[in-house]
Amino acid sequence: MPMTDALTFLKTRRSRPAKIMTGPVPGKEALEALLVVAARTPDHGKLEPWRFIVLEQAALRRLGVLTRSMAEAAGPEVVDADKTSHQFETGTLAVVVVESPKHCVKFPEIEQTYSAGAVCLSLLNGALASGWAANWLSGWASHNPEFCTQGLHLKPHERVAGIIHIGTGPAQMPDRPRPDVAALTQWICE
């Protein structure tokens with residue numbers, strides 16, 4: 001039986017920019033419910049090749065200081081310190097989805113990467129469907145080994161799949177240009 005409300009949501013969903021989010025943010029119970037939604041995602045082999053790090057405001061500010069320091073040391077020719085640190089310096093709540101691949105001969109690691117990306121999208125859509133503002137970001141810092149080990153304490157085999165900011169934002173956002181699906185689709189009939 002078609003779930004028309006879900007299809008309408010998916011056809012019209014729109015992220016809210018993290019830079020304009022404010023409080024309130026979901027409480028622990030509400031956030032845990034969103035994490036349950038996020039974990040209900042395709043996972044070939046049931047490996048659970050991802051985990052969550054919840055960043056509350058004090059942790060975001062600490063990461064903002066670290067990110068700014070690292071970006072300034074790297075120099076403006078590498079990264080814009082203001083832009084890369086902004087999500088941490090002004091954020092209210094974020095969930096880092098960590099890709100944490102498991103050794104498995106049967107299922108290739110790339111499928112585990114895809115699963116971590118699916119978790120990001122499920123968390124984003126779950127937050128939006130629950131009435132929260134949400135935005136999936138990554139950025140320079142999330143791909144920087146020093147930030148990942150010093151700031152997030154990731155293990156050497158782990159990496160950031162995405163940082164999902166969740167808070168309060170405008171109820172409506174203007175739509176943006178969407179892909180021309182017909183131009184991107186190839187049909188093979190024989």
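**Salt bridges, polar contacts and nonpolar cores**

At a relative accessibility of 52%, Glu72 counts as exposed. In this predicted model, the side chain of Glu72 forms a salt bridge with that of Arg68, with an N to O distance of 3.8 Å. Both residues belong to helix 3 (residues 57-74), where a spacing of four residues separates them by about one helical turn. Arg68 is partly exposed, its relative accessible area being 22%. A salt bridge of 2.8 Å (N to O) also joins the side chain of Arg68 to that of Asp82. Because Asp82 is situated in helix 4 (residues 81-90) and Arg68 in helix 3, this pair ties together parts that lie 14 residues apart in sequence. Through shared partners, salt bridges connect Arg68, Glu72, Asp82 and Glu89 into one network.

Over the whole structure, the search returns seven salt bridges. One of them is formed by the side chains of Glu158 and Arg51, at 2.8 Å from N to O. Since Glu158 is found in the loop between helix 6 (145-151) and strand 4 (159-167), and Arg51 in strand 1 (residues 50-56), the pair ties together parts that are 107 residues apart in sequence. The two partners fall into separate accessibility classes: Glu158 is buried at 7% relative accessibility, whereas Arg51 is partly exposed at 27%.

The side chain of Glu158 takes part in further polar interactions. A polar contact of 2.8 Å links the side chain of Glu158 to that of Ser100, and the backbone nitrogen of Lys155 is reached by the side chain of Glu158 at 2.9 Å. When residues up to four places away in sequence are set aside, Glu158 touches Arg51, Val98, Glu99 and Ser100.

Glu99, one of these neighbours of Glu158, is located in strand 2. Its relative accessible area of 3% classes Glu99 as buried. The side chain of Glu99 makes a polar contact of 2.5 Å with the side chain of Thr113, and a polar contact of 2.7 Å connects the side chains of Glu99 and Arg159. Beyond four places in sequence, the residues touched by Glu99 are Pro49, Trp50, Gln112, Thr113, Ala116, His157, Glu158, Arg159 and Ala161.

Attention turns next to the nonpolar interior. In soluble globular proteins, nonpolar side chains tend to be buried together. The largest nonpolar core holds 18 residues, of which Leu31, Leu34, Val95, Val97, Leu123, Ile164 and Ile166 touch the most other members. Two or more residues are given to this core by each of helix 2 (28-39), strand 2 (93-99), helix 5 (109-129) and strand 4. The greatest contribution, seven residues, comes from helix 5. A second core of 17 residues lies apart from the largest one and includes Ile53, Met70, Ala141 and Cys148. For Val95, the contacts outside its neighbours within four places in sequence are with Leu31, Leu35, Phe52, Ile53, Val54, Leu123, Gly162, Ile163, Ile164 and Ile166.

In helix 4, the residues Ala81, Thr84, Ser85, Gln87 and Phe88 are buried. Because these residues cover an arc of only 155° around the axis, they are placed on the same side of helix 4. An α-helix has 3.6 residues a turn, so residues three or four places apart point the same way. Helix 3, strand 3 (133-137), helix 6 and strand 4 are among the elements that cover the buried residues of helix 4. The N-terminal end of helix 4 is capped by Asp80, a side-chain oxygen of which lies 2.9 Å from the backbone nitrogen of Asp82. Asp82 thus has two roles in this description: its backbone nitrogen is the atom approached by the Asp80 cap, and its side chain meets that of Arg68 in the 2.8 Å salt bridge.

The cysteines were examined as well. The structure contains zero disulfides. Cys104 is partly exposed, at 21% relative accessibility, while Cys189 is exposed, at 72%. Cys148 is listed among the members of the 17-residue core.

Note on methods: Residues are numbered from 1 along each chain as its sequence is written. This is a predicted model: local features need pLDDT of at least 70, side-chain atom pairs count only at pLDDT 80 or more; totals for chains, interfaces and linings use all residues. Side-chain values use heavy atoms; hydrogens and water are left out. A salt bridge is a side-chain nitrogen of Lys or Arg within 4 Å of a carboxyl oxygen of Asp or Glu. Buried means under 20% relative accessible area, exposed over 50%, partly exposed in between (1.4 Å probe, protein chains only). A nonpolar core is a set of buried Ala, Val, Leu, Ile, Met, Phe, Trp, Tyr and Cys residues joined through side-chain atoms within 4.5 Å. Contact means heavy atoms within 4.5 Å. The arc is that of the directions from the helix axis to the C-beta atoms. A polar contact is a pair of N or O atoms within 3.5 Å; within protein, one must be able to donate a hydrogen and the other to accept it, and residues adjacent in sequence count only if both atoms are side-chain atoms. A disulfide is a pair of cysteine sulfur atoms within 2.5 Å.
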